[in-house]
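Student: Hello! I am new to this structure and would like a close look at one part of it. Could you walk me through it slowly?

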Amino acid sequence: MFKNNEGEIQPAGTKENVETIIGASVKVEGDLIGQNNMKIYGQVAGKVVTKGDIFIEESANIEADVEANNVTISGTVQGSVKAIERLEVQKSGKISGDIAAKILSIATGANFSGQCNMSDNNSQDTSPLEKLKEKTPLPKVDVREQ
Amino acid sequence: MFFYVYDKLVGNKKNAKKFGQMQTKLNELGILNDKGEVGTVNTVDSIVDGALTSGRHHNIIAVGNDATAHRTINAILKSKISNKKTVFGLIPFESSHIADTLGMPSDIEKACLAISRSKLENIDIAYTSDGTCFINSLSIICKRLGSHTEKLKNLFSRQKKKPGVTIKVRDFTVTTSADRISICNSPAGWEEILKKSGIDINKVSPQDGFLDLIAYNSASEVSENDTSFITAQKMEIISQDKISMLADYTKKIQPPVKVGVSKQLLKVIVGKERKF
């Protein structure tokens, strides 16, 4: 029964709406690629990519390129950071690398060394939200003062 | 027809009252059918295989603890005679994580009632490359001291080496020396940690076709940043240190080992308090 059903295993993927949490005691090496939100408190070396949001917490030390929909950085990142929508660097955040985002917020006290690109073409991929917007343009609203 | 696999512990004097209650209740419910008693000659494998070969029994009910349930599930899954009609159930005689997963009450009479109601669910079965199946979890136990030579080294070096484990998940590897590490198919035994770490308990489900790697440090108070949570369908555990692993808190496994999950492979009898 067990052996017969071994072939029925579904291809590797990621469960929807599940957050990945990398704890402070954990070190990740390689390509951490997901579909959902990620919270990182530990160390990552390689690449971090998700269609969801990434929260790089204060204890985190990332030696990797980071790419996500929204990125919030309170820890240390050595590598490029690309946010499809919003990149927020908190006061404890440190980035050594180029950053790209539509919306950028850097708090007082944050440390950033690198180039910044805020043009709309910072990503070749289009976010699901953008695709939706392209298909169904928002209607023009006529605002009249009363 | 129901077939009961009685563990040795069922015959213990301390369980005499429970045993009597169970016999009476099963008789009352009209489901006191055949049974096999585990002993030195009769293993769980041979009992289950015999019951399934007879063709009269589709419902195999383990009566005992986690170890009884684990062995019975493995016997069912490895039997060439078992099929889609085969159902697993558990009457717990001790506190049991598998009973918690299935929602089988610790009260014997209520457990018998749940068996008689036979509410069925299909659940995922996790498996290791050495052929072991598990319902709940594969716990990775990292002993603080490694080999005898390392023990001597550590005695002289003041700094005790904390053993580490590496887990390959998709395109990355996770290295940790967390005190408690587990690959979970069900949340049983991890509820408190998941809750305190702000992780929704429903994310660890034995019906979603995924395994969840959970690692946390028990030395400090449990907080979110001490806990790791990674979901995948396949993982590989390797370690250069002396570690051991326990499938369903029962069977010891040594690394390296690959772990996978087969979606909704086994029919089980569940109670109202099930964890999925």
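Which domains does the domain assignment of chain B give?

Tutor: Happy to help! Please keep in mind that this is a predicted model. The domain assignment divides chain B into domain 1, covering 2-118, and domain 2, covering 133-262. Where these two touch, domain 1 of chain B contributes 10 residues and domain 2 of chain B contributes 13 residues.

Let us stay with the domain 1 side of that contact for a moment. Two helices of chain B, α3 (66-78) and α4 (97-102), each provide at least two residues of the side that touches domain 2 of chain B. The largest share of that side comes from α3(B), with 6 residues. By character, the residues on this side of domain 1 of chain B split into 4 nonpolar, 4 polar and 2 charged.

Now look at what lies inside. The largest nonpolar core has 111 residues, and V5(B) and I61(B) are the ones with the most contacts within it. This core takes at least three residues from each of the two domains of chain B, domain 1 (2-118) and domain 2 (133-262). You can pick out V5(B) and follow its contacts beyond the neighbours within four places in sequence: among them are G36(B), V38(B), V44(B), I47(B) and V48(B). The list for V5(B) also includes I60(B), I61(B), A62(B) and V63(B), together with T68(B) and T72(B). Of these, T68(B) and T72(B) carry numbers that fall in α3 (66-78) of chain B, the helix we met at the domain contact.

Next, turn to the place where chain B meets chain A. Here 36 residues of chain B are in contact with 30 residues of chain A. Our helix α3 of chain B appears again, since it is one of the elements that supply at least two residues each to the side touching chain A; the strands β9 (172-176), β11 (211-216), β12 (227-232) and β16 (257-269) of chain B do so too. The residues on this side of chain B divide into 12 nonpolar, 16 polar and 8 charged.

One of those strands, β9(B), also pairs across the chains. Strand β2 (residues 26-34) of chain A is joined to β9(B) by 5 bridges, and the two run antiparallel. To find the pairing on screen, look for K27(A), which stands opposite T175(B) in β9(B). Then find G30(A), whose bridge partner in β9(B) is F172(B).

The strand β2(A) has a partner in its own chain as well. It pairs with strand β4 (residues 43-50) of chain A in the parallel sense, over 8 bridges. Here D31(A) stands opposite K47(A) in β4(A). As for the rest of chain A, it has 1 helix and 13 strands, and the order from the N terminus puts the strands before the helix. Buried residues make up 33% of the 146 residues in chain A.

Finally, a word on confidence. The model scores ipTM 0.87 and pTM 0.85. For chain B the mean pLDDT is 90, with 91% of its residues reaching 70 or more. Within chain B, confidence is lowest in helix α6 (residues 148-157), at a mean of 57, and highest in strand β4 (residues 87-92), at 98.

Terms used:
Residues are numbered from 1 along each chain as its sequence is written. Chains are lettered from A and ligands numbered from 1 in the order in which they are written. This is a predicted model: local features need pLDDT of at least 70, side-chain atom pairs count only at pLDDT 80 or more; totals for chains, interfaces and linings use all residues. Domain bounds come from an automatic or database domain assignment. Two residues are in contact if their C-beta atoms, placed from the backbone, lie within 7 Å. Helices (H or I, at least four residues) and strands (E, at least two) are DSSP runs, numbered from the N terminus. Ala, Val, Leu, Ile, Met, Phe, Trp, Tyr, Cys and Pro count as nonpolar, Asp, Glu, Lys and Arg as charged, and the others, Gly among them, as polar. pLDDT is the predictor's confidence in each residue, from 0 to 100. Two strands pair if DSSP finds at least two bridges between them. A nonpolar core is a set of buried Ala, Val, Leu, Ile, Met, Phe, Trp, Tyr and Cys residues joined through C-beta atoms within 7 Å. A residue is buried if 20 or more other C-beta atoms lie within 10 Å of its own, exposed if 12 or fewer, and partly exposed in between; C-beta atoms are placed from the backbone.
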